[in-house]
Each structure stands twice: as C-alpha cells, then as structure tokens.
Amino acid sequence: MGLHLGDIAPDFTAETTEGTIRFHQWLGDHWGILFSHPADFTPVCTTELGTVAKLREEFQRRDTKVIGLSVDPIESHRSWVGDIAETQGEAVNFPIIADPDRRVAQLYDMIQPNANATQTVRSVFIIGPDKKIKLTLTYPASVGRNFAEIIRVLDALQLTDRYPVATPANWVEGADVIVALGLSDEEARKRFPKGFKALKPYLRLTPSPQTQVEGSTASRS
Ligand code: BEZ
C-alpha cells in the first residue's frame with residue numbers, strides 16, 4: 001500500500017554517503033525532503049543532484065534537510081559524486097542513501113513495476129517536523145524534476161502550516177494568499193490587520209501574513 005499525506009514517514013536505518021543514519025533521528029525537528037533517483041551514472045540524475053547541491057543555502061534557510069536515494073551500492077555512490085562535482089560545478093553536500101536490497105525503496109513505494117521493475121522512480125517526499133508526509137511527487141525516469149517548484153511548494157507548506165491561509169494557483173513567496181475557509185470575516189479581520197478583499201464569500205485574498213503585524217489597525221476591507 002502506498003503512503004498518503006498525513007501518514008508518518010516510515011523510519012529506517014540505512015547506509016549513506018555520510019555514514020549510517022537513523023532517518024527520524026537524522027531529521028530531528030527539521031523539515032525534510034527524501035528524494036529518489038533511478039540509478040547512479042545516468043545523465044538526468046547527475047543534473048538533479050548537482051542542482052540540489054547548488055540549492056543548499058535555500059534549503060538551510062527553510063530549515064530543511066535533504067537526502068537522496070538510489071538502489072545502487074555505496075561504492076557506486078562514492079565514485080559517482082566525483083562526476084557530479086566535475087560536471088555540475090558543485091560537490092554533493094547532502095547524504096545519498098545506498099539501498100541495494102531495496103528496503104527503503106519498498107517502504108516508500110519508490111519502485112513502480114509498470115514503470116521499471118528494478119529502479120526507483122523519481123519520488124519526492126516532503127516531511128514536516130512532526131514526521132508527517134506533507135507532499136508527494138512522482139516523476140518518471142525520463143523527466144528531471146523542477147527544484148524551483150519544490151522550493152516554492154516548501155514555502156507554501158511552511159506558510160500554510162504557520163497561518164490560517166491557503167495559497168492560490170501559481171502562488172510565489174510574497175504574493176497575496178487566500179484566507180482559510182474556517183475563519184469567519186470577523187476572525188480574519190483580527191488575524192490579518194491589513195484586511196482582505198472578498199471576491200466571493202469563499203474567496204478572500206489578503207497580503208502575505210509575513211507582512212502583517214497582528215494588532216495593527218491598517219485595513220483594506
Ligand atoms: C537518467 O537519469 O538520465 C536516467 C535514469 C534512468 C533511466 C533513464 C534516464
């Protein structure tokens with residue numbers, strides 16, 4: 001059975017390029033991203049891991065730890081990271097899990113036999129500090145992931161975790177957000193001092209909560 005949003009991300013112990021880790025202990029109380037790639041020494045995967053390495057500061061800024069996985073053995077990972085540094089201009093700066101017995105891949109349903117019987121698909125799991133799965137993505141081997149989108153959705157998850165809001169289509173950090181349906185207009189006015197614009201009773205837009213200081217009297221509604 002696959003994993004669903006809100007499930008606790010399964011814990012495991014595994015060998016990685018940064019030593020043996022216990023997953024939940026390694027996550028601590030941070031956000032986490034676990035992502036799989038089909039195989040070492042392959043072109044799309046090489047570009048993906050280089051891209052993630054270049055985003056290190058972006059993930060750190062979002063209190064997020066990143067970890068990769070493929071079913072190749074640790075010696076293969078160790079040898080491949082040299083190619084990534086050479087071709088992508090950035091050394092891998094996060095652990096990559098070696099999962100030759102496919103234990104972790106099976107726990108996370110990363111092998112999807114109708115796509116490929118032995119290699120993992122390109123899975124992404126975003127995990128909250130409560131260890132619950134907040135987002136899953138699945139890409140096929142032939143399509144590299146858009147890590148700008150993964151950062152964008154991480155921003156949206158962290159914002160909606162912190163404030164009673166939802167994010168509209170194509171939202172980016174700093175743009176207006178939607179007041180949560182569960183909030184009455186009166187509660188929304190208290191919670192969002194800049195007020196809100198009601199296009200419909202169920203569609204109320206307010207500036208990014210990070211720009212609003214509770215208790216201020218400014219209002220646009
Ligand atoms: C790649 O990363 O380029 C790749 C991996 C497995 C199958 C096809 C492409």
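What percentage of the 221 residues in the protein is buried? In this predicted model, buried residues make up 44% of the chain. The protein contains seven helices and 11 strands, and its C-alpha atoms fill a box of roughly 60 × 40 × 30 Å along the principal axes. Of the contacts with a sequence separation of 6 or more, 64% are accounted for by residues 24 or more positions apart. The domain assignment gives domain 1 as residues 13–145 and domain 2 as residues 163–211. The centres of domain 1 and domain 2, taken over C-alpha atoms, are separated by 35 Å.

The strands E3, E4 and E5 are considered next. Strand E3 (31–36) and strand E4 (residues 64–70) run parallel and are joined by six bridges. Within this pairing, Leu34 has Ile67 of E4 as its bridge partner. Strand E4 also runs parallel to strand E5 (residues 96–98), to which three bridges join it. Here Ser70 stands opposite Ala98 of E5. Strand E4 is largely enclosed by the rest of the structure, because six of its seven residues are buried.

The largest nonpolar core comprises 23 residues, among which Ile33, Phe35, Phe59, Phe94 and Ile126 touch the most other members. Two or more residues are given to this core by each of strand E3 (31–36), helix H2 (43–54), helix H4 (74–88), strand E6 (122–127) and helix H6 (147–162). The greatest contribution comes from H6, which supplies six residues. A second core, separate from this one, holds 20 residues, including Phe12, Ala14, Phe23 and Leu69. The surroundings of Phe59 illustrate contacts made across the sequence: when residues up to four places away are not counted, Phe59 touches Ile33, Val52, Thr64, Val66, Ile151 and Leu154. Of these neighbours, Ile33 is itself among the residues of the largest core that touch the most other members, while Thr64 and Val66 fall within the bounds of strand E4 (residues 64–70).

Aromatic side chains form a further set of contacts, and the count of aromatic pairs comes to eight. One of them joins Phe23 to Tyr108 in an edge-to-face arrangement, with 6.5 Å from centre to centre and 90° between the planes. This pair links distant parts of the chain, since Phe23 lies in helix H1 (residues 23–27) and Tyr108 in the loop between helix H5 (103–107) and E6, 85 residues apart. Phe23 is buried, with a relative accessible area of 1%. Tyr108 likewise counts as buried, at 1% relative accessibility. Tyr108 also pairs with Phe125: the ring centres are 5.0 Å apart and the planes stand at 70°, so this pair too is edge-to-face. The link is again between distant parts of the chain, from the loop between H5 and E6, where Tyr108 is found, to Phe125 in strand E6, 17 residues apart. Phe125 has a relative accessible area of 5% and is therefore buried, the cut-off being under 20%. Ring pairs link Phe12, Phe23, Trp26, Tyr108 and Phe125 into a cluster. Two of the cluster members, Phe12 and Phe23, are included in the second nonpolar core. Trp26, another member of the cluster, has Lys65 over its face, at 4.6 Å from the ring centre.

Further along the chain, within the bounds assigned to domain 2 (163–211), strands E9, E10 and E11 pair with one another through E11. Strand E9 (residues 177–179) pairs with strand E11 (residues 203–206) in the antiparallel sense over two bridges. Ile178 has Leu205 of E11 as its bridge partner. Strand E10 (residues 197–200) also pairs with E11 in the antiparallel sense, in this case over three bridges. In this second pairing, the bridge partner of Lys200 is Leu203. E10 and E11 form a hairpin, with two residues between them. A charge also sits over an aromatic ring in this part of the chain: the charged end of Arg204 is placed over the ring of Phe196, 5.7 Å from its centre.

Methods:
Residues numbered from 1 in each chain as written. Predicted model: local features only at pLDDT ≥ 70, side-chain atom pairs only at ≥ 80, totals over all residues. Heavy atoms only, no water. Core = buried A, V, L, I, M, F, W, Y, C linked by side-chain atoms within 4.5 Å. Buried < 20%, exposed > 50% of the residue type's maximum accessible area, 1.4 Å probe, protein only. Helix = DSSP H or I, 4+ residues; strand = E, 2+ residues; numbered from the N terminus. Contact = heavy atoms within 4.5 Å. Pairing = 2+ DSSP bridges. Domains from an automatic or database assignment. Phe/Tyr/Trp six-rings, centres within 6.5 Å; stacked < 30°, edge-to-face > 60°. Lys NZ or Arg CZ within 6 Å of the ring centre and 35° of its normal.
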